Amino acid sequence: MNDRDLMENLLLLEKGVCDLFMHGTIESVGSDVHQAFSSSLNSSLNMQSQIYDKMMARGWYTVENADQNQLNSLKMKFSQQN
């Protein structure tokens, strides 16, 4: 396993952790529990962002710009459903 594979796995794991903490925050009953989940979620989001930034800097995570025609088509599709 190379460094890129390790970073991709870390990013996927961190995204999963964020998802779990988000649901914990939403579903928590007491304010102490809510605060604990919320704080953990923020820490995990920061970690995810740092991993993403490091991968972007190495060219391992690229993002393509959306085609304007595709965006316009989606806008029309969803505006017609309302």
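This passage describes the fold, helices and selected residues of a predicted protein model. Local features are reported at pLDDT of at least 70 and side-chain atom pairs at pLDDT 80 or more, whereas totals for chains, interfaces and linings use all residues. Residues are numbered from 1 along each chain as its sequence is written, and side-chain values use heavy atoms, with hydrogens and water left out.

The protein contains 3 helices and 0 strands, where helices (H or I, at least four residues) and strands (E, at least two) are DSSP runs numbered from the N terminus. In sequence order the pattern is α-α-α. The C-alpha trace extends over about 45 × 45 × 20 Å along its principal axes. The radius of gyration is 18 Å, against a value near 12 Å for a compact globule of 82 residues; the radius is taken over C-alpha atoms, and the globule rule is 2.2 Å times the number of residues to the power 0.38. Of the 82 residues, 15% count as buried, with buried meaning under 20% relative accessible area, exposed over 50%, and partly exposed in between (1.4 Å probe, protein chains only). The accessible surface comes to about 6,600 Å², and carbon and sulfur atoms supply 54% of this area. Areas were computed by the Shrake-Rupley method with a 1.4 Å probe, and for residues only the protein chains shown count as cover. Among contacts (heavy atoms within 4.5 Å) with a sequence separation of 6 or more, 57% join residues 24 or more positions apart.

Helix H1 covers residues 3-27, and its end C-alpha atoms are 36 Å apart, which agrees with the 36 Å expected for 25 residues at 1.5 Å a residue. The expected span is 1.5 Å times one less than the number of residues in the helix. At the N-terminal end, H1 is capped by Asn2, a side-chain oxygen of which lies 3.2 Å from the backbone nitrogen of Arg4. This pair falls under the definition of a polar contact (N or O atoms within 3.5 Å; within protein, one must be able to donate a hydrogen and the other to accept it, and residues adjacent in sequence count only if both atoms are side-chain atoms).

The search of the whole structure returned 1 salt bridge, defined as a side-chain nitrogen of Lys or Arg within 4 Å of a carboxyl oxygen of Asp or Glu. The salt bridge joins the side chains of Arg4 and Glu8, with an N to O distance of 3.2 Å. Arg4 and Glu8 are 4 residues apart in H1 and are therefore separated by about one helical turn. An α-helix has 3.6 residues a turn, so residues three or four places apart point the same way. Arg4 is partly exposed at a relative accessible area of 36%, and Glu8 is likewise partly exposed, at 29%.

The buried residues of H1 are Met7, Leu11, Glu14, Cys18, Gly24 and Thr25, and they pack against helix H2, residues 31-57. Thr25 has a relative accessibility of 11% and so counts as buried. Beyond residues up to four places away in sequence, Thr25 touches His34, Phe37, Ser38 and Leu41.

For H2, the end C-alpha atoms are 39 Å apart, in agreement with the 39 Å expected for 27 residues at 1.5 Å a residue. Its buried residues are Leu41, Ser44, Gln48, Ile51 and Met55, and their cover includes H1. Within H2, Ile51 counts as buried because its relative accessibility is 8%. With neighbours within four places in sequence left aside, Ile51 is in contact with Met7, Leu10, Leu11 and Glu14. Ile51 and Leu10 are 41 residues apart in sequence, yet their C-alpha atoms are 7.6 Å apart.

Ser43, also in H2, is partly exposed, with a relative accessible area of 46%. The C-alpha atoms of Ser43 and Glu64 are separated by 27 Å, at 21 residues along the chain. Just after H2, Gly59 adopts a positive phi of about 75 degrees.

Helix H3 comprises residues 68-81 and includes Gln81. Gln81 is exposed at a relative accessible area of 54%. The C-alpha atoms of Gln81 and Met56 are 37 Å apart in space, with their positions 25 residues apart in sequence.
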